[in-house]
Amino acid sequence: MERCDIYDAERRPLGKTRPRGAALPRGEYHLTAFVWVFNSAGQVLLTRRAPEKKSYPNQWAMTGGAVQAGEDTRQAICRELREETGLRAQPEAFWRAETFRFEDTICDVFFLRMDAPIGALTLQPEETIEARWVDRAELERMIAKRLIARPDALHYAQFGDKLDGWIK
């Protein structure tokens, strides 16, 4: 069973872990990390979540997930990218675009520039079942049709000018 380190609201470690998905008392947080991968054509990489996934089944989403005990968010996003897509990148290649805090989660969202043909991806069947590159107009159409996982759609709305120069 995966375990996650626990932090306070200021992201200070509390010196304890919990099983992934376990409820946390008020004022305690676990970390998550997500990456928006952009190619040189200004498109963003989307993967479609497996139908068996507990949250957002069959929805298109960005790559990411929970930070495991002992990891920081950059290490976690390298692992998640490799596990979900087969793509590899060094921790310093990721640019932290934003940090969001939710009820019991502190979420770092990264941007990464990487060119990779869809055929070069190795999807993890229990996680992702399809991948595609989309431009900004297509992403917005997919958001309007509610095909994109809600957290990613909300993040898109919150990014504003940060997306300029990354996505066309």
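This report covers the overall build of a predicted protein model, then its largest pocket and its largest cavity.

The model is predicted: local features need pLDDT of at least 70, side-chain atom pairs count only at pLDDT 80 or more, and totals for chains, interfaces and linings use all residues. Residues are numbered from 1 along each chain as its sequence is written, and side-chain values use heavy atoms, with hydrogens and water left out.

**Overall build**

The protein has three helices and nine strands. Helices (H or I, at least four residues) and strands (E, at least two) are DSSP runs, numbered from the N terminus. Their order along the sequence is β-β-β-β-β-β-α-β-β-β-α-α.

The C-alpha trace spans about 45 × 35 × 30 Å along its principal axes. The radius of gyration is 16 Å, which agrees with the value near 15 Å for a compact globule of 168 residues. That radius is taken over C-alpha atoms, and the globule rule is 2.2 Å times the number of residues to the power 0.38.

Of the 168 residues, 46% count as buried, meaning under 20% relative accessible area with a 1.4 Å probe, protein chains only. Among contacts (heavy atoms within 4.5 Å) with a separation of 6 or more, 60% join residues 24 or more positions apart.

**Pocket and cavity**

Both were sought on a 1 Å grid over the protein atoms alone. A cavity is a set of points where a 1.4 Å probe fits but cannot get out; a pocket is an open set with protein on both sides within 12 Å along at least five of seven lines. Lining residues have an atom within 4 Å of a point. Grid points are joined across faces, edges and corners, and a volume is the space filled by probe spheres set on the points.

| Site | Volume | Nonpolar, polar and charged lining residues |
|---|---|---|
| Largest pocket | About 1,000 Å³ | 14, nine and 13 |
| Largest cavity | About 50 Å³ | three, three and three |

Here Ala, Val, Leu, Ile, Met, Phe, Trp, Tyr, Cys and Pro count as nonpolar, Asp, Glu, Lys and Arg as charged, and the others, Gly among them, as polar.

The largest pocket has 36 lining residues. Arg20, Thr32, Arg49, Ser55 and Ala66 lie nearest its centre. Elements giving two or more residues to this lining include β1 (3–7), β3 (30–38), α1 (73–85) and α3 (150–159). The largest share, four residues, comes from α1.

The whole structure holds one cavity of 30 Å³ or more. Residues lining the largest cavity include Phe34, Thr47, Arg49, Met62 and Glu84. Arg49 thus appears in both linings.

Methods: Buried < 20%, exposed > 50% of the residue type's maximum accessible area, 1.4 Å probe, protein only.
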